[in-house]
Amino acid sequence: MPMIDAYAAAGTFADKHQLAVDLATAVMTIEQVPDIPMFRRNTAAFVHDLDTDSVANVDGDSNYVRVQVLTNAGALDRAKQLAVVRKLTDIVAAAAGDRTLADRTWVLLTE
């Protein structure tokens, strides 16, 4: 079952709970599993606040987001992988109220 972890500087997201729901829903939808309690209860997202001094690029900017998606092997074919990356990036940017965050969001897919 998918597990999603989103890491960002504290204060990036006003409603972390809704972000977690939206991320989990998106992965479940794209994965195209049946909408049954087993999948709904076992597809979860975790939003992690980081101190701003815990993340940086080479220039010292800390306005980045990292999303890691862990799925079982073969759950996402290439088309679904691309869809997950695009959708989660859009969700993160919308949740932050900053469309430019899409350019600073990394989505990692792990089986």
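Here are some notes on this predicted model, going from its main pocket to two helices and a few single residues.

1. **The pocket.** The largest pocket holds about 170 Å³ of space. Its lining is made up of Val21, Ala24, Thr25, Met28, Thr29, Val33, Asp35, Arg40, Thr43 and Ala44. By type, that lining divides into 5 nonpolar, 3 polar and 2 charged residues. If you want one element to look at here, take helix H1 (residues 16-31), which gives the largest share of the lining with 5 residues.

2. **Thr43, one of the lining residues.** Thr43 sits in the loop between helix H2 (37-42) and strand S2 (44-50). Its relative accessible area is 7%, so Thr43 is buried. The side chain of Thr43 reaches the backbone oxygen of Phe39 at 2.9 Å. Leaving out residues up to four places away in sequence, Thr43 touches Pro2, Ile4, Ala24 and Met28. Ala24 and Met28 turn up again in the lining of the largest pocket.

3. **Helix H1.** The length checks out: at 1.5 Å a residue, the 16 residues of H1 should span 22 Å, and the end C-alpha atoms are 23 Å apart, which agrees. Buried in H1 are Leu19, Ala20, Leu23, Ala24, Ala26, Val27, Met28, Ile30 and Glu31. In general, an α-helix has 3.6 residues a turn, so residues three or four places apart point the same way. What do the buried residues of H1 pack against? Their partners are strand S1 (3-9), H2, S2, S3 and H3.

4. **His17, also in H1.** His17 lies in helix H1, but with a relative accessible area of 61% it is exposed. Along the chain, His17 and Phe46 are 29 residues apart, while their C-alpha atoms are separated by 8.6 Å.

5. **Gln32, just after H1.** Worth a look on a Ramachandran plot: phi of Gln32 is near 65°, a positive value in a residue other than glycine. Gln32 belongs to the loop between H1 and H2. Is Gln32 buried or exposed? At 62% relative accessibility, Gln32 counts as exposed.

6. **Helix H3.** The same sort of length check works for H3 (residues 78-96): its 19 residues should span 27 Å at 1.5 Å a residue, and the end C-alpha atoms are 27 Å apart, which agrees. At the start of H3, a side-chain oxygen of Asp77 comes to within 3.2 Å of the backbone nitrogen of Ala79. Just after the other end of H3, Gly97 takes a positive phi of about 70°. The buried residues of H3 are Lys80, Gln81, Val84, Leu88, Thr89, Ile91, Val92 and Ala93. They pack against H1, strand S3 (65-70) and strand S4 (105-110).

7. **Thr71, ahead of H3.** Where is Thr71 placed? You'll find Thr71 in the loop between S3 and H3. Thr71 counts as buried because its relative accessible area is 6%, under the 20% cut-off. Setting aside neighbours within four places in sequence, Thr71 is in contact with Pro2, Glu31, Leu76, Thr110 and Glu111. Two of these names appear above: Pro2 also touches Thr43, and Glu31 is among the buried residues of H1.

Technical notes
Residues numbered from 1 in each chain as written. Predicted model: local features only at pLDDT ≥ 70, side-chain atom pairs only at ≥ 80, totals over all residues. Heavy atoms only, no water. 1 Å grid on protein atoms, 1.4 Å probe; cavity = no way out; pocket = protein on both sides within 12 Å on 5 of 7 lines; lining within 4 Å. Points joined across faces, edges and corners; volume = space filled by probe spheres on them. Helix = DSSP H or I, 4+ residues; strand = E, 2+ residues; numbered from the N terminus. Nonpolar A, V, L, I, M, F, W, Y, C, P; charged D, E, K, R; others polar. Buried < 20%, exposed > 50% of the residue type's maximum accessible area, 1.4 Å probe, protein only. Polar contact = N/O pair within 3.5 Å; in protein donor to acceptor, adjacent residues only side chain to side chain. Contact = heavy atoms within 4.5 Å. Expected span 1.5 Å × (residues − 1).
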